[in-house]
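I opened the notebook to look up one residue and its surroundings, then the chain around it. The entries follow in the order I made them.

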Amino acid sequence: MSWRKALLLALFSLLGIPRAYAQRIEVTPFFGSRFGGTIDLTQQSNPNADFMKIKSSSNYGILADISFLRHFQGEFMWSRQPTSLTVHNRNDGTYTFLSKMNLDMYQFGVAYQFRKPEAKVRPFIVLGLGFSHYGVPSINGHQPFAGSLGGGVKYFFTRKFGIRMEGRWLTTETTYKGMETCYTFYGIGYPCPVNYSTHQGQVNVGLIFRFK
């Protein structure tokens, strides 16, 4: 299944939540830091550059969650990292500044919350799927697939206000790797392009505004 189909499926799933199960809406502006990440350049045939490094920096964004059933939430996340790119020279190990960049992520996901909905402290885990935008011309002429896996804890001071602390592992497609054989659900193989990916970590804290 392509990332576009997965993204549409997640969106339609959120829109299809029965009204009777929709309990709460949470909006959480957040800030924190994102770290790590390289972009492979080995297929570019440049003898002086083998990868680009994404500078670790701050990040900020917003989360929107809607509760359904008892412990689940559908979630949308926009996260921006103002950063820069440097190119690594494979011959002497030096780095050369390339450009500034905003790395944006847009993801739909599902969160599972532990403990009762009325509890002040609620640990959670979350899985997200979506796409990224590099703030420069897309590396392969498209918006690359992105995913995340993380967890954290929420603490509610009142029924309508709280704080959210979380950490995530993030992955985003980057440069072209080559052609491989992909398979459908029916076991039929076909040639498809495959990309390298960059992996990052993200740690955030945000204020929760809850509506019902």
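**Entries on Trp-78**

I looked up Trp-78 and found it in strand β5, which covers residues 72–88. I note that the model is a predicted one.

Next I asked: is Trp-78 buried, exposed or partly exposed? Its relative accessible area is 22%. Buried would need a value under 20% and exposed one over 50%, so I entered Trp-78 as partly exposed.

Which residues does Trp-78 touch, leaving out those up to four places away in sequence? I listed Phe-30, Tyr-60, Gly-61, Ile-62, Asp-104, Met-105 and Tyr-106. For Asp-104 I found something further: its side chain makes a polar contact with the side chain of Trp-78, at 3.2 Å.

I also checked Pro-29 against Trp-78. The two are 49 residues apart in sequence, and their C-alpha atoms lie 9.7 Å apart in space.

**Entries on the whole chain**

I then turned to the protein chain that holds this residue. How many helices and strands does the protein chain have? I counted 1 helix and 10 strands. Reading along the sequence, I wrote the pattern down as α-β-β-β-β-β-β-β-β-β-β.

I looked up burial for the chain as well: 41% of its 212 residues count as buried. The accessible surface comes to about 11,700 Å², and carbon and sulfur atoms account for 65% of that surface.

My last entry concerns contacts between residues at least 6 apart in sequence. Of these contacts in the protein chain, 64% join residues at least 24 apart.

Methods: Residues numbered from 1 in each chain as written. Predicted model: local features only at pLDDT ≥ 70, side-chain atom pairs only at ≥ 80, totals over all residues. Heavy atoms only, no water. Helix = DSSP H or I, 4+ residues; strand = E, 2+ residues; numbered from the N terminus. Buried < 20%, exposed > 50% of the residue type's maximum accessible area, 1.4 Å probe, protein only. Contact = heavy atoms within 4.5 Å. Polar contact = N/O pair within 3.5 Å; in protein donor to acceptor, adjacent residues only side chain to side chain. Areas by Shrake-Rupley, 256 points an atom, 1.4 Å probe, with all protein chains shown as cover.
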